[in-house]
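Please walk through the structure shown below, beginning with how its helices pack and going on to chains, strands and domains.

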Amino acid sequence: MPSIRFRLNGVETDIDADPDSSLLALLRGRLRMTGPHFGCGANECGACNVLVGDLAVASCDTPLWSIAGKDVTTIEGLGSAQDPHPLQRAFIAEQALQCGYCVSGILISAAALLMRNPNPAGADVKQALDRNLCRCGSHNRMVRAVLRAAAEMATR
Amino acid sequence: MIKPDPSPAPAPKLPVSLAANPLLSSWIRFSREGQVMVSPGKVEIGQGIVTALAQIAADELDVDISRLRMVRASTAGSPNEGVTSGSLSVQNSGRAIRHACAEIRQLFLAAASDRLGVGIDVLDIADGTISGPGNVQTSYWELADAVSLERDATPGVAPKPSTQRALAGNSVQRLDIPDKVFARPRFIHDSAPPGMLHGRVLRSEMAAAKLVDISEDGARAVAGLVAIVRDGSFVGVVSETEDSAEAALAALRKDAAWSAGETLPDEYRLAEWLKAQPVESTIIDRKTAPQTAATERTIRRQYSRPFIAHASIAPCCAMAQWTGDRVRVWSHSQGVYFLRADLALVLKLPIENITVEHMEGAGCYGHNGADDVALDAVLLARAAAGRPVRVQWSRQDEMSHAPFGAAMAIEIEADLDAKGEIVDWRHSVWGNGHTARPGRAAKPALLAATELANPFPRTISTNPPQANGGGADRNSIPLYDFPSWKIECHRLLTMPIRTSALRTLGAQGNVFAIECFLDELAARRGEDPVAFRLRHLRDVRAQDVIRAAARRAGWKPDKQIGRGFGLGFARYKNTGAYCAVVAEIEGAEDIGVKRLTIAVDVGEAINPDGVINQIEGGAIQATSWVLKERVRFDRQRITSNTWTSYPILRFSEVPEVQVEIIPRPELEPVGAGEAAHGPVTAAIANAVFDALEVRVRDLPITRDSLVAAMELSS
């Protein structure tokens, strides 16, 4: 099988894999990285979102060939309890989830937004998260959390 | 101030859950290292219950909440609290834990008094350290071995008064949120014990189709395949990797032939179909007037709601591992003991051979496929030679094979006197039963059980008794003081589309119907809908939430083109939380909900932000049901099996939600998870009338249903 090289959460990664297989399967399977979640397998819910460069993409619908040479960031690479991303801090502060299954994909979409627009309005946040589904109804808290993180990042 | 129920209490009784599970050590254990293990029988389904229960325990024991280890429910030793449903967890588990902890605190104080040689009444507990005059001290941890909790709880121990609780009433941050935000594995989908294999089950799209023929050759050629399991129409694969399991499943699907399934009803004539089926009819309630007033006219309206999917963001998932004739199961079921009972029926094993442990899944909003996939895992794991097998459904399985919330047709008839006042009220509900949960009957209710070579019959859904809140009839009895009424429920005896518990059971449909009809009757009289309701409610708590929501929403703002305001109210199950909602909508062809202003009374709010989160979430989910959701089907299959064909509310469509909690710290706490759905549904429909002067009586409220309602009214 061909070798595919890419950077995963800042680490050079070299994988022998079917180039047509999905990034999500690789992450959750061989790489045991369970932050991105399977929700639909059809790029319809956003639960598996990861950053490729500075774009949020559905990893279930991303073939491995397309990430060759690219930077891939999962929720695990966004931040940790010891060194949280402002978004993660803000989601805790706003208690911005109920079941939390969708939240890793939502944080990724929000991170992509803040990279291209560090000072979004509420409507921008809703637009950026519009392809992410949340079934528990935590939307408004999530929007508040993203705005809170943006404000925190602006004062740094 | 509202006083707690003043009726004289004869002999003190234990809370229900504690009476059923009196052994104190089954709830609480102390470690010598300074930790408290708390074992509720209720499970986390995203509602924050674990945190609320931790607050209650920490308060009553006087320990810091960080010392608490909240143990996941397991049939290996947790108290059996049935199913985590019906907004009863704070009410049942919370009271049990509060009373158990109060008694345990007394036991430790007595032991400390003995050891320290001082009276109980001069002892104090701070973060688990028990101290008395002259700097004498001991602790729960020191005394852990000396105080046996292997004893039954006794009635009559008084928990602390609400004024002495430090945590209850405060918005403590949820204990599970950091894991979820930092992606530390917590969901069953993310757990992978050593040697774990992956399983997938093949199911026909056709409802209840039988497997006629299948070739295993294609699947056998897939690298990593461990086993193909076949028993009647139940077929599945076990593989080393998830990819390999998916590939083997795809090969099997290509080579499978199915019989025709059961014919489904006509989706476009659902109410007629519901009313034409064989039914079991029950009179739910009857109230007779002391004197009959003259009826000037009678008005009858019919309302309906479609089948609604639970549609969790995660597909259902379970894990199972056999050791000889014993099986260990990990499941996000709402009731581990009930699931175990049904597994025992299918496997024909004694329950002692089966252990079911809870692990978190996504929010389920009722009885989805969580229990079904657990049986799938158990059946597939039998072919795994002792290795654990994790089975995950596909999105399509999730949206077509899991039970749905039942469709409902509701007819209300009111007799009015010459002034338009209600003199008699008749409410009839048609629909499938709202529960077919496992563990309740002599036959299992699990999907795969109906697919085996020796199949069990499909469980026809029933309704819980009205004393437990009812099912299709939930909230069908008006809280209003109409002089007389008759409430009837017609439960279908056929079930071509599988139904079971969805958040609120029948309450969403019944509250929608009652509150919309009331709105119409108030409008006929030219009376303000708030005033009309207040005039018919004697319960002060009901009046208070309506007044609070109306005040906060500035009821009633001036009429503007393309905007409308509507009110909805209910007390969930007529015994739970009070909730009033003012909806503000905008639009003409496509309705958007701009704002929901909500007032709620849940008695003591253990965690106010948790209550607000539940009410907000319920309100947004209900808005999704009202504006978008309807299970689609043709005569053979469920066709709404993707997010495109079963759309739910998106971020750009979500209303602003404001929630006000009426503080009642002196009253028993009740759950908040299901309080908002009915009132929100009615409030939106009434706001649509306010804006467009059209009464939409068939949910969902879409462009199509608006046009249909306009045609009907013109």
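Helix α3(A) passes α4(A) in a right-handed crossing. This is a predicted model. The axes of α3, residues 86-93 of chain A, and α4(A) come within 10 Å, with a crossing angle of roughly 125 degrees. That angle makes α3(A) oblique to α4(A), because only values over 145 degrees count as roughly antiparallel and 65 to 115 as roughly perpendicular. From α3(A), the residues Leu87(A), Gln88(A) and Phe91(A) meet Val103(A), Leu107(A), Ala110(A) and Ala111(A) of α4(A). By class, this contact between α3(A) and α4(A) holds 6 nonpolar residues, 1 polar residue and no charged ones.

Helix α4(A) also packs against α6(A). The helices span residues 103-116 and 139-154 of chain A, and their axes come within 11 Å and cross at roughly 40 degrees. The crossing angle therefore makes α4(A) oblique to α6(A). Here too the crossing is described by its hand: α4(A) passes α6(A) in a right-handed crossing. On the α4(A) side the contact is made by Ile106(A), Ala110(A) and Leu114(A), and on the α6(A) side by Met142(A), Val146(A), Ala149(A), Ala150(A) and Met153(A). The contact of α4(A) with α6(A) consists of 8 nonpolar residues, with no polar and no charged ones. Ala110(A) is in the contact with α3(A), and Ala110(A) is in the contact with α6(A) as well.

These helices return in the interface between the chains. Chain A contributes 42 residues to the contact and chain B contributes 44 residues. On the side of chain A that touches chain B, at least two residues come from each of α2 (75-78), α3, α4, α5 (122-128) and α6. The largest share, 3 residues, is supplied by α3(A). Sorted by class, this side of chain A has 18 nonpolar, 18 polar and 6 charged residues.

The strands of chain A come next. Strand β1, residues 3-8 of chain A, runs antiparallel to strand β2, residues 11-16, and 6 bridges join them. Within this pair, Phe6(A) stands opposite Thr13(A) in β2(A). The hairpin of β1(A) and β2(A) has 2 residues between the strands, and in this hairpin Asn9(A) takes a positive phi near 50 degrees. Strand β1(A) also pairs with β5, residues 71-73 of chain A; these strands run parallel and are joined by 2 bridges. Arg7(A) has Asp71(A) in β5(A) as its bridge partner.

Chain B also has a sheet to follow. It is open, with 4 strands in the order β21-β22-β23-β24 (chain B) and mixed pairing. Strands β21 (563-571) and β24 (656-661) of chain B are at the edges, each with a single partner strand, so one side of each has no neighbour in the sheet. On average, neighbouring strands of this sheet are turned by 15 degrees against each other, direction ignored. Strand β21(B) runs antiparallel to β22, residues 578-586 of chain B, and 9 bridges join the two. Phe565(B) has Glu584(B) in β22(B) as its bridge partner.

At the level of domains, chain B is divided into domain 1 (16-168), domain 2 (195-259 + 311-400) and domain 3 (408-434 + 470-713). The centres of domain 2 and domain 3 of chain B, taken over C-alpha atoms, are separated by 38 Å. In the contact between them, 11 residues of domain 2 of chain B face 13 residues of domain 3 of chain B. The domain 2 side of this contact has 5 nonpolar, 4 polar and 2 charged residues.

Key: Residues are numbered from 1 along each chain as its sequence is written. Chains are lettered from A and ligands numbered from 1 in the order in which they are written. This is a predicted model: local features need pLDDT of at least 70, side-chain atom pairs count only at pLDDT 80 or more; totals for chains, interfaces and linings use all residues. Axes are lines fitted to C-alpha atoms, for helices over the stretch in contact, and angles run from 0 to 180 degrees between N-to-C directions. Angles under 35 degrees count as roughly parallel, over 145 as roughly antiparallel, 65 to 115 as roughly perpendicular and the rest as oblique. A crossing is left-handed if the near helix is turned anticlockwise from the far one by less than a right angle, and right-handed if clockwise. Two residues are in contact if their C-beta atoms, placed from the backbone, lie within 7 Å. Ala, Val, Leu, Ile, Met, Phe, Trp, Tyr, Cys and Pro count as nonpolar, Asp, Glu, Lys and Arg as charged, and the others, Gly among them, as polar. Two strands pair if DSSP finds at least two bridges between them. Domain bounds come from an automatic or database domain assignment.
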